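Colleague: Could you take a close look at one part of this model for me? I would like to hear about a helix pair, and then how the rest of the chain fits around that picture.

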Amino acid sequence: MERDAVLFANEAFYRAFADRDLPAMDKLWSQRDSIACIHPGWSPLYGREQVMASWRGILSNPRSPAVASRRAQAFMQGDSAFVVCFEEVDGAFLIATNVFMREADGWKLTHHQAGPVPTPEGDDEIAETPMH
């Protein structure tokens with residue numbers, strides 16, 4: 001199912017982040033120039049060169065915090081999809097949106113944005129995504 005493939009790509013993004021695996025992170029992002037990324041507290045980054053430079057800096061910094069995805073929900077829109085999830089960072093939470101496009105070699109990130117949010121309520125189980 002395509003929804004599962006998108007959730008798998010989203011989880012691979014956080015696994016690459018946790019493992020500080022730049023080659024894996026690079027492979028997850030679209031090769032197209034029309035990508036963007038907004039890290040918490042940063043100005044928007046546009047284009048593959050700026051986005052990947054930011055990840056090189058983050059993943060090579062030993063003080064970068066560990067980040068884990070929680071409660072990811074995928075929303076399908078034909079050849080594009082977005083995932084909304086919580087990011088747990090050192091016991092605090094951010095809310096993130098990750099946008100994916102279906103490309104010849106699978107679902108690729110085209111946009112990531114994360115920002116602060118109050119601690120989520122409820123358990124940590126993944127809720128069923130409504131089919132829209």
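Modeller: Happy to; here is the helix pair, followed by some residues from the strands and loops. A word on the basis: this is a predicted model, where local features need pLDDT of at least 70 and side-chain atom pairs count only at pLDDT 80 or more, while totals for chains, interfaces and linings use all residues. Residues are numbered from 1 along each chain as its sequence is written, and side-chain values use heavy atoms, with hydrogens and water left out.

The protein has three helices and six strands, where helices (H or I, at least four residues) and strands (E, at least two) are DSSP runs numbered from the N terminus. Along the sequence the pattern reads α-α-β-β-α-β-β-β-β.

Now to the pair itself. Two packed helices are described by the angle between their axes and the distance between the axes. Helix α1 (residues 2-19) packs with helix α3 (residues 47-60) at an angle of about 50°, and their axes are 8 Å apart. The axes are lines fitted to C-alpha atoms, for helices over the stretch in contact, and angles run from 0 to 180 degrees between N-to-C directions. The two helices α1 and α3 are therefore oblique to each other, given that angles under 35 degrees count as roughly parallel, over 145 as roughly antiparallel, 65 to 115 as roughly perpendicular and the rest as oblique. On the α1 side the contact (heavy atoms within 4.5 Å) is made by F13, A16 and F17, and on the α3 side by W55, I58 and L59. By class, this contact has six nonpolar residues, no polar and no charged ones; Ala, Val, Leu, Ile, Met, Phe, Trp, Tyr, Cys and Pro count as nonpolar, Asp, Glu, Lys and Arg as charged, and the others, Gly among them, as polar.

Moving to the strands, A96 lies in β5 (residues 92-103). A96 is buried, with a relative accessible area of 0%; buried means under 20%, exposed over 50%, and partly exposed in between (1.4 Å probe, protein chains only). Leaving aside residues up to four places away in sequence, A96 touches Y14, V83, V84, C85, E87, H112, Q113 and A114. One of these, Q113, is 17 residues from A96 in sequence and 5.5 Å away in space, C-alpha to C-alpha. Another, C85, is itself buried, at 1%.

In strand β6 (residues 106-116) you will find T110, buried at 14% relative accessibility. With the same sequence neighbours left out, its contacts are W29, S30, S34, I35, A36, V99, F100 and M101.

Two arginines deserve a look at their backbone. R20, in the loop between α1 and α2 (22-28), has a phi near 55°, a positive value in a residue other than glycine, and R20 is partly exposed at 32%. R71 also has a positive phi, about 55°, although it is not a glycine; R71 sits in strand β3 (residues 67-77) and is buried at 18%.

For the whole protein, 43% of the 132 residues count as buried. Among contacts between residues at least 6 apart in sequence, 49% join residues at least 24 apart.
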